[in-house]
Amino acid sequence: MALRFFNTLSRSVQEFVPRDPQGKAVDLYCCGPTVHDFAHIGNFRTFVFADLVRRYLQFKGLAVRHVMNITDVEDKIIRRVRETQTPLRDYTAKFEAAFFQDFQALNCLLPHDTPRASEHIADIIALIEKLVARGLAYRAADGSVYFSIEKYQAAGAHYGRLLKLNFEEMRPGQRVSADEYAKDAAADFALWKARVSEDGAVFWPSPWGEGRPGWHIECSAMSMQALGPSFDLHLGGEDLIFPHHEDEIAQSEGAGAQAAGEPFVKYWLHGAFLLVEGKKMSKSLGNYFTLRDLLAKGFTGREVRYLLLTAHYRESFNFTLDGLQGARAALARIDECMDKLTEIGSGSETAPSEPDIQQRFAEAMDDDFNVSAAWGAIFEWIRETNKQLAEARISPARANTLSGVWAQINEVLGLYTKQEREMGEKLDQTLQKFLDDRAAARKAKDFKRSDAIRDELKTKGWAIEDTPKGPRLKRL
Ligand SMILES: [Zn+2]
């Protein structure tokens with residue numbers, strides 16, 4: 001069966017047909033974190049969903065190229081940099097590292113490319129220059145550059161592809177300089193923001209004077225640089241539909257690099273909002289959770305991931321601490337069944353395959369990533385398997401087969417193998433300490449100690465890799 005899902009661009013459920021003529025390769029871009037603070041659990045709903053999409057496409061035999069940007073130049077970040085009087089990179093590095101630790105605690109596969117906006121200023125300027133040259137962007141008196149919605153529409157394009165906008169209410173020439181604004185404040189938006197004293201040391205030279213990019217142009221520049229002017233899938237939370245994604249389309253298609261008739265993005269996928277304990281998350285209500293907050297309460301990344309994966313991505317979901325307790329019980333049911341199968345299974349002999357559960361899982365996922373139906377099928381299968389286990393009706397060969405079936409399904413769900421489970425849960429809490437200790441040792445040039453920490457991690461099944469983006473842990 002073919003995969004179908006809701007494309008925000010067409011506002012309908014459509015069959016997914018990759019742009020690749022061979023139908024094998026898929027390009028996926030997901031708007032990444034704004035590293036101004038620790039990411040909250042609502043942010044992670046989107047990233048876990050993007051991970052599910054990627055894993056399911058891989059399950060279907062597609063070769064996915066996954067790009068996720070790091071927004072490290074943006075209004076909120078600049079405000080924090082000013083308040084804390086920290087250099088931009090020092091400030092963002094801390095939250096970027098924390099983000100990737102959380103990302104991996106949730107067992108999200110690392111994207112193939114994670115470009116930072118601050119390292120793509122030249123690409124961003126080149127894109128703005130194209131828009132200026134095509135008459136779609138203009139320099140205002142203060143040196144900022146704006147995208148002209150009026151000119152864009154006059155050129156035959158349509159602003160308001162992902163949602164309906166009322167242009168009657170918009171007055172030509174009105175401008176909005178903030179990165180975030182509401183639908184009724186739609187106006188010419190900033191591509192390049194002229195340097196102001198509040199920006200401190202955060203500015204770059206440009207043909208229009210010193211300044212910094214707007215948030216929306218960053219994603220247009222980085223996604224097209226990494227994946228080309230047209231690609232298959234663009235994901236993000238539903239709060240990004242407007243203005244961020246609408247502006248991305250206008251900028252990217254306005255620059256005109258696409259082949260005739262090709263859109264910037266073929267399919268737009270948006271994950272719904274997350275409520276926590278029945279309400280919109282807010283620090284004052286005490287229902288604002290980062291992943292770290294939940295780990296500190298004794299929950300694991302695996303439990304959080306499971307709970308986030310129980311709801312359909314287009315439905316707003318009420319995330320609760322009770323729900324996490326339920327996740328723990330549900331996972332225990334799965335683990336117990338799988339552990340018994342592993343006990344019984346011996347040798348490499350397998351029984352004929354059991355297509356039923358795999359087929360039901362795939363049918364559910366093909367239907368707009370219907371996880372509810374997928375979990376229904378999985379738990380029914382577990383119940384039946386438990387029954388057969390209790391009646392001692394499962395041979396070692398069949399136990400191997402059933403374990404193998406689960407391993408394939410679990411490749412998509414990413415709930416860890418038994419071995420990873422044991423290591424991962426222990427490491428969730430200690431990972432940070434290892435990394436901090438090693439960083440401290442390296443800073444003190446105590447390489448004997450830093451090597452000892454590396455070897456210690458190795459014995460726990462983790463390799464440490466020093467990348468230009470800082471140290472990363474990789475399962476051996
Ligand atoms: Zn973006």
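1. Aromatic pairs. A search of the whole structure, which is a predicted model, finds 32 aromatic pairs. One of them is Phe5 with Tyr267: the ring centres are 5.5 Å apart and the planes stand at 65 degrees, so the pair is edge-to-face. The cut-off behind that label is an angle over 60 degrees between the planes. Phe5 belongs to strand 1 (residues 4-7) and Tyr267 to strand 11 (residues 265-271), so this contact ties together parts that are 262 residues apart in sequence. Both rings belong to buried residues: Phe5 has a relative accessible area of 1%, and Tyr267 has 3%.

2. Aromatic cluster. Phe5 and Tyr267 are also members of one aromatic cluster, together with Phe16, Phe49, Tyr56, Phe59, Tyr313, Phe361 and Phe369.

3. Charges over rings. Two cases deserve a look. The charged end of Arg195 sits over the ring of Phe203, at 3.8 Å from the ring centre. The charged end of Lys283 sits over the ring of Tyr288, at 4.8 Å from the centre of that ring.

4. Zinc site. Which atoms coordinate the zinc ion? The donors are SG of Cys31, SG of Cys219 and NE2 of His244, at 2.0 to 2.2 Å. Their spacing along the sequence is C-x187-C-x24-H. Cys31 lies in the loop between strand 3 (25-30) and helix 1, whereas Cys219 is in helix 6 (residues 215-227), so the two cysteines tie together parts that are 188 residues apart in sequence. Cys31 is buried, with a relative accessible area of 5%; Cys219 is buried too, at 1%. Water is not among the atoms, so a site of this kind may look incomplete.

5. Helix 7 and its cis peptide. The peptide bond between Phe242 and Pro243 is cis, with omega at about 0 degrees. Pro243 is placed in helix 7. Further along, Ala250 is also in helix 7, which covers residues 241-254. Is Ala250 buried or exposed? With a relative accessibility of 1%, Ala250 counts as buried. Leaving aside residues up to four places away in sequence, Ala250 touches Phe147, Tyr152 and Tyr159. The C-alpha atom of Ala250 is separated by 8.2 Å from that of His158, a residue 92 places away along the chain.

6. A three-stranded sheet. One open sheet has 3 strands in the order 13-12-14, with mixed pairing. Its edge strands are strand 13 (279-280) and strand 14 (317-319), each of which pairs on one side only. Strand 12 (residues 274-276) runs parallel to strand 14, and 3 bridges link the two. At one of these positions, Leu275 has Asn318 of strand 14 as its bridge partner.

7. Positive phi outside glycine. Asp368 has a positive phi of about 55 degrees although it is not a glycine. The residue lies in the loop between helix 11 and helix 12, and it is buried, with a relative accessible area of 5%. Ala392, likewise not a glycine, also has a positive phi of about 55 degrees. Ala392 is found in the loop between helix 12 and helix 13. In contrast to Asp368, which is buried, Ala392 is exposed, with a relative accessible area of 68%.

8. Helix 13: geometry. Helix 13 takes in residues 396-413, 18 residues in total. From its first C-alpha to its last, helix 13 reaches 25 Å, close to the 26 Å expected at 1.5 Å a residue. Gly414 follows helix 13 and has a positive phi, near 65 degrees.

9. Helix 13: packing. Which residues of helix 13 are buried? They are Ala397, Ala399, Asn400, Thr401, Leu402, Val405, Trp406, Ile409, Asn410, Val412 and Leu413. An α-helix has 3.6 residues a turn, so residues three or four places apart point the same way. The cover over the buried residues of helix 13 includes helix 1 (41-59), helix 9 (301-308), helix 10 (321-344), helix 11 (355-366) and helix 12 (371-390).

Terms used. Residues are numbered from 1 along each chain as its sequence is written. This is a predicted model: local features need pLDDT of at least 70, side-chain atom pairs count only at pLDDT 80 or more; totals for chains, interfaces and linings use all residues. Side-chain values use heavy atoms; hydrogens and water are left out. Helices (H or I, at least four residues) and strands (E, at least two) are DSSP runs, numbered from the N terminus. The expected span of a helix is 1.5 Å times one less than its number of residues. Buried means under 20% relative accessible area, exposed over 50%, partly exposed in between (1.4 Å probe, protein chains only). Contact means heavy atoms within 4.5 Å. Donors are N, O and S atoms within 2.8 Å of the metal (3.2 Å for Na, K and Ca); water is not among the atoms, so sites may look incomplete. Rings of Phe, Tyr and Trp (its six-membered ring) pair if their centres lie within 6.5 Å; planes under 30 degrees apart count as stacked, over 60 as edge-to-face and the rest as tilted. A charge sits over a ring if NZ of Lys or CZ of Arg is within 6 Å of the ring centre and within 35 degrees of the ring normal. Two strands pair if DSSP finds at least two bridges between them.
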